[in-house]
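The following exercises concern a single protein model. Please work through each task before reading its solution.

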Amino acid sequence: YATPFSEGIAVVKEDGDDYHQLINTSGETIAKLKTDISDTDFNPNLYSEGLLFFRGKVYDRKGEIAFRLPSKVNYVLPYRNGYAVFEDAAGKYGLLDKNGEIVIRTKYDVPGLIGDNTVFFYDYNDESKETTCLDFNGNRIFNLDMPAFPIAHNRCVIRDNGEYYFADNTGTPINKENYSYVEVSDFPAPSLFLAYTFDSNFEA
């Protein structure tokens, strides 16, 4: 078992071992992580901003426990801009800071996406698709009854009836241009994105 390197560290496990190892790019062991949780449990095991969520614990780059997770936390997604989306035992999503403190309580159905200084959460069902944009203190900035995704420079992309347009950090459109598709990553690039027009040309 081995993960890709992330921030210069990978998680590996050899057959027969009852522990996992953190190794650097030279193949040297940084730490050994013991676990009694089955390897079949899904986990990407990748470092982000110096922290690794691994089998119910959060480790620093030395392989030491960075902080104790609140009991309601079931899973932690990678950190970005000092925060991470987490899942509770009921399958709802909220936001943690780098001290393990819950800053936005779990209530959302779909994992959020973290922007420059906001987080976008989603509630999707058969009748509606709602986006809630919050700051990192949990203050609501705007709600939309359609999907929206954070990108660089405090802007977002909004999908409306199969078309995409760009908006500012209040959800207000910044121009009248519509696109047939906009490439949006879970970890937006600092300043680069692709926006495809109906005639298959693209702008970046």
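**Exercise 1.** In which strand is the place of threonine 132? Determine also whether this residue is buried or exposed, and which side chain its own side chain contacts.

*Solution.* The model is a predicted one.
Step 1. Threonine 132 lies in strand S13, which spans residues 129-135.
Step 2. Its relative accessibility is 1%. Buried means under 20%, so threonine 132 counts as buried.
Step 3. The side chain of threonine 132 forms a polar contact with that of asparagine 143, at 2.8 Å.
Step 4. Beyond four places in sequence, the residues in contact with threonine 132 include Tyr108, Phe121, Arg140 and Asn143.

**Exercise 2.** Locate glutamate 87 and establish which side chain of opposite charge is nearest to this residue.

*Solution.*
Step 1. Glutamate 87 belongs to strand S8, residues 83-88.
Step 2. The residue is buried, and the nearest side chain of opposite charge, lysine 92, is 10 Å away. A salt bridge requires a distance within 4 Å; glutamate 87 has none.
Step 3. A polar contact does link the side chain of glutamate 87 to the side chain of tyrosine 93, at 3.0 Å.
Step 4. Apart from neighbours within four places in sequence, glutamate 87 touches Lys72, Val73, Asn74, Tyr75, Lys92 and Tyr93.

**Exercise 3.** Which elements have the lowest and the highest mean pLDDT?

*Solution.*
Step 1. The protein averages a pLDDT of 84, and 84% of the residues score at least 70.
Step 2. Strand S20 (residues 202-203) has the lowest mean, 48, and strand S9 (residues 93-97) the highest, 96.
Step 3. Over residues 37-42, pLDDT remains under 50. Where pLDDT is low, predicted coordinates should not be read in detail.

Technical notes:
Residues are numbered from 1 along each chain as its sequence is written. This is a predicted model: local features need pLDDT of at least 70, side-chain atom pairs count only at pLDDT 80 or more; totals for chains, interfaces and linings use all residues. Side-chain values use heavy atoms; hydrogens and water are left out. pLDDT is the predictor's confidence in each residue, from 0 to 100. Helices (H or I, at least four residues) and strands (E, at least two) are DSSP runs, numbered from the N terminus. Contact means heavy atoms within 4.5 Å. Buried means under 20% relative accessible area, exposed over 50%, partly exposed in between (1.4 Å probe, protein chains only). A polar contact is a pair of N or O atoms within 3.5 Å; within protein, one must be able to donate a hydrogen and the other to accept it, and residues adjacent in sequence count only if both atoms are side-chain atoms. Lys and Arg count as positive and Asp and Glu as negative; His and the chain ends are not counted.
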